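Open the model in your viewer and keep the sequence panel visible. This tour goes stop by stop: what to select, then what is there.

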Amino acid sequence: RTVYLNGEYLPETEARVSIFDRGFVMADGVYEVTSVLQGKLLDFAGHLARLGRSLGELQMGNPLSAEEWLTIHRKLVELNGIHEGMIYLQVTRGNPGDRDFAYPPEDTPQTVVLFTQSKPGLADNPQARAGMRVVSVEDLRWGRRDIKTVQLLYPSMAKMEAKRRGVDDAWLVEDGFVTEGTSNNTYIVKDGRIITRQLSQDILHGITRASLLRYAAEAQMQIEERPFTIAEAQAADEAFFTSASAFVMPVVEVDGVALGSGRPGPVATRLRELYLEESL
Ligand code: PDD
């Protein structure tokens, strides 16, 4: 695989980053994941806009222009022959040459890394036909989940807890309400209405979420942005989650309780089709 590191396209085995990199010792970095379908980037403008926002919230500059980011993404898709898959990008505060809690001087070069992951079958995913099962886990993450940082230990722990309990993913709960999934935004459907938590610092402002809610509104579907509980999810007709890598994924079981028919529901199925049609 060819990857990108600080201006160079290199074989992955030759891409090296300092052990003092702030991303490595402090999780001081932000990332984005953009999906590739039919060789095309999905929701690219949204991901780039959020990258700029995440960097700004951490007082980091954006090391590249929109045009440069696009060129690198396209080149990696081409060099690695990605038809279906994703591109990961990460920007860290760079290498201060030592470990220090204070940020290094502003002229310290940031570390910019991009790599691709090929995922054949991403669009026609059998899991989307079966639906996923989730369990609730307490949300113990920090208070700025709207910034897409590389600090992903708690989501990893929650994912492992879900696996230990024999299901696909965890829905995180704080003060009795679902915040989001380990790496996705969460929704329930009741009497035809789509219910999803409103944006705040408690959740990541999903790019797939923004696009999907726009498409759903255009299709005259009813949307309610408010928090919901696990009990409400268990009593819902349907549930699903969204992310750049899963698009719209039906959820058929929450904490051992099957939703509706126990199969992916018509609204989630329609929204998945709608998202794939509209964003391609
Ligand atoms: N995860 N919430 C969290 C905590 C996430 O990590 C993600 C994305 C989302 C969905 O955002 P978007 O629609 O912009 O992908 C919500 C990515 C895909 C990941 O970490 O792999």
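## Stop 1: Ala 27

Select Ala 27, in the loop between helix H1 (22-26) and strand E3 (29-37). Keep in mind that this is a predicted model. Check the backbone here: phi of Ala 27 is near 55 degrees, a positive value in a residue other than glycine. Is Ala 27 buried or exposed? Neither label applies: Ala 27 has 13 C-beta neighbours inside 10 Å and so counts as partly exposed.

## Stop 2: Asp 43

Move on to Asp 43. Asp 43 sits in the loop between strand E4 (40-41) and helix H2 (44-57). Phi of Asp 43 is near 55 degrees, again a positive value in a residue other than glycine. Count the surroundings: 20 other C-beta atoms lie within 10 Å of Asp 43, so Asp 43 is buried. The cut-off for buried is 20 or more.

Now show the contacts. Leaving out residues up to four places away in sequence, Asp 43 touches Ile 207, Thr 208, Ser 211, Ala 244 and Ser 279. Then draw a distance from Asp 43 to Leu 280. These residues are 237 apart along the chain, yet their C-alpha atoms are separated by 8.8 Å.

## Stop 3: Leu 51

Select Leu 51, in helix H2. Leu 51 has 22 C-beta neighbours inside 10 Å and therefore counts as buried. What does Leu 51 contact, leaving aside its neighbours within four places in sequence? The partners are Val 30 and Glu 32. Add Tyr 31 to the view. Its C-alpha atom is 7.1 Å from that of Leu 51, with the two positions 20 residues apart along the chain.

## Stop 4: the ligand shell

Centre on the ligand. The ligand is surrounded by 14 residues, and the closest are Leu 204, Gly 206, Ile 207, Thr 208 and Ala 244. Two elements give two or more residues to this shell: H6 and strand E13 (238-243). Which element gives the largest share? Helix H6 does, with three residues. Colour the shell by class: four residues are nonpolar, eight polar and two charged.

Ile 207, Thr 208 and Ala 244 have already come up. They are among the contacts of Asp 43, and they are among the closest residues to the ligand.

## Stop 5: where H6 meets H8

Select helix H6 (residues 207-218) and helix H8 (residues 266-279). Their axes come within 10 Å and cross at roughly 105 degrees. H6 and H8 are therefore roughly perpendicular to each other. From H6, select Ser 211, Leu 212, Tyr 215 and Ala 216. From H8, select Leu 271, Leu 274, Tyr 275, Glu 278 and Ser 279. Together these residues make the contact. By class, six are nonpolar, two polar and one charged.

Two of these residues link back to Stop 2: Ser 211 and Ser 279 also touch Asp 43.

## Stop 6: the nonpolar cores

In soluble globular proteins, nonpolar side chains tend to be buried together. Look for that here. The largest nonpolar core has 36 residues. Which members touch the most others? They are Ala 239, Phe 240, Met 249 and Val 251. Strand E14 (residues 247-254) gives the largest share of this core, six residues.

Zoom in on Phe 240. Not counting residues up to four places away in sequence, Phe 240 touches Tyr 187, Val 248, Met 249, Pro 250, Val 251, Ala 268 and Leu 271. Leu 271 was also part of the H6 and H8 contact.

Now look for another group. A second, separate core has 20 residues, including Val 36, Met 60, Trp 69 and Leu 114.

## Stop 7: Val 112

Select Val 112, in strand E6 (residues 111-118). Val 112 has 20 C-beta neighbours inside 10 Å, so Val 112 counts as buried. Outside the four nearest places in sequence on either side, Val 112 touches Asn 6, Pro 63 and Val 91. Add Glu 232 and draw the line: 42 Å from C-alpha to C-alpha, for residues 120 apart in sequence.

## Stop 8: Asp 255

Finish at Asp 255, in the loop between E14 and strand E15 (257-258). Asp 255 counts as partly exposed because it has 15 C-beta neighbours inside 10 Å. Leaving aside neighbours within four places in sequence, Asp 255 is in contact with Val 135, Ser 136, Ile 230 and Gln 234. One last distance: the C-alpha atoms of Asp 255 and Gly 121 are separated by 28 Å.

Definitions and conventions. Residues numbered from 1 in each chain as written. Predicted model: local features only at pLDDT ≥ 70, side-chain atom pairs only at ≥ 80, totals over all residues. Axes fitted to C-alpha atoms, helices over the stretch in contact; angles between N-to-C directions. Helix = DSSP H or I, 4+ residues; strand = E, 2+ residues; numbered from the N terminus. Parallel < 35°, antiparallel > 145°, perpendicular 65-115°, else oblique. Contact = placed C-beta atoms within 7 Å. Nonpolar A, V, L, I, M, F, W, Y, C, P; charged D, E, K, R; others polar. Core = buried A, V, L, I, M, F, W, Y, C linked by C-beta atoms within 7 Å. Buried ≥ 20, exposed ≤ 12 C-beta atoms within 10 Å, placed from the backbone. Near = placed C-beta within 6 Å.
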